[in-house]
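Welcome, and thanks for taking a look at this one with me. Below are a few numbered notes to help you find your way around.

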Amino acid sequence: GGHAHAGTAGLGGQTLALYVAGATFVVLFLAMLATSLEQQRIQRELRASEERFRAAVQAVGVLWTNDAEGRMVGEQPGWASITGQTREEYQGYGWADAVHPDDAQASVDAWNETVRERRTFVFEHRVRARDGSWRHYAIRAVPVLDAGGAIREWVGVHTDITERKEAEAAIEAARAAAEAANTAKSQFLAN
């Protein structure tokens, strides 16, 4: 009779072991499912954040990056799209070849001074567009610091302000014309 009792206890232990294994499997499965759902949620949020960033950049202008020393390095799709320059052409200070000859040296000098002084870069210059026309751009760039406070890279944006510049020129021309007409009228009335 002792064997039957031992066999029953063995069967109960097996049942308990199967129950624990099954419960463990269910808990692990649910944990993996939760982790997977959480990863999917994080990926969705990351994608949304990246799309939001791309939309903001498009709204503001063309994004570019330079190394800590202020040289353009790596792929710069925004810069290439407006200028038509290849990576080989814009690398280092090659970007300045797309800047209007009257603005290029001042742009490089102001940029180098900003990099040396580690401050925000704010500037305007004309850039030759892919179609050969000259467009006016407002530029703003900031240093990105690493945990130790050293500059890791520079991030900048070129914003096309051509329409604003043309409107300002038209207003100035109209003001000058009105002033000239007023002067001519005064002279006419004086005679």
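1. A good place to start is phenylalanine 123, whose bridge partner in β3 is isoleucine 139. Please keep in mind as you read that this is a predicted model.

2. Now widen the view to the two strands involved. β2 pairs with strand β3, which covers residues 134-145, in the antiparallel sense, and 8 bridges link them.

3. What is the strand order of the open sheet? Its 4 strands run β1-β4-β3-β2, and the pairing is antiparallel. At the edges you will find β1 (62-67) and β2 (121-128), each of which pairs on one side only. On average, neighbouring strands of this sheet are turned by 30° against each other, leaving direction aside.

4. Next come the helices beside the sheet. Helix α4, residues 101-117, packs on the sheet and touches β1, β2, β3 and β4 (151-160). The direction of α4 makes about 150° with that of β2. Helix α5, residues 162-190, lies across β2, β3 and β4, and runs at about 130° to β3.

5. Let us turn to the aromatic side chains. How many aromatic pairs does a search of the whole structure find? The search finds 6 of them. One is formed by phenylalanine 25 and phenylalanine 29, a stacked pair with 6.3 Å centre to centre and 20° between the planes. The pair counts as stacked because planes under 30 degrees apart fall in that class.

6. Where do these two rings sit along the chain? Both belong to helix α1 (residues 2-60), and because they are 4 residues apart there, phenylalanine 25 and phenylalanine 29 are separated by about one helical turn. Phenylalanine 25 counts as exposed, at 57% relative accessibility, while phenylalanine 29 is partly exposed, with a relative accessible area of 44%.

7. Phenylalanine 123 returns in another stacked pair, this time with phenylalanine 121: 5.6 Å centre to centre, with 15° between the planes. Is phenylalanine 121 buried or exposed? With 6% relative accessibility, phenylalanine 121 counts as buried. Phenylalanine 123 is partly exposed, its relative accessible area being 22%; the cut-off for buried is under 20%.

8. Finally, try selecting Trp64, Trp111, Phe121, Phe123 and Trp154 together in your viewer, since these residues form one aromatic cluster. Phe123 thus links two of the topics above: Phe123 belongs to this cluster, and its bridge partner in β3 is isoleucine 139.

Terms used: Residues are numbered from 1 along each chain as its sequence is written. This is a predicted model: local features need pLDDT of at least 70, side-chain atom pairs count only at pLDDT 80 or more; totals for chains, interfaces and linings use all residues. Side-chain values use heavy atoms; hydrogens and water are left out. Rings of Phe, Tyr and Trp (its six-membered ring) pair if their centres lie within 6.5 Å; planes under 30 degrees apart count as stacked, over 60 as edge-to-face and the rest as tilted. Buried means under 20% relative accessible area, exposed over 50%, partly exposed in between (1.4 Å probe, protein chains only). Two strands pair if DSSP finds at least two bridges between them. Axes are lines fitted to C-alpha atoms, for helices over the stretch in contact, and angles run from 0 to 180 degrees between N-to-C directions. Contact means heavy atoms within 4.5 Å.
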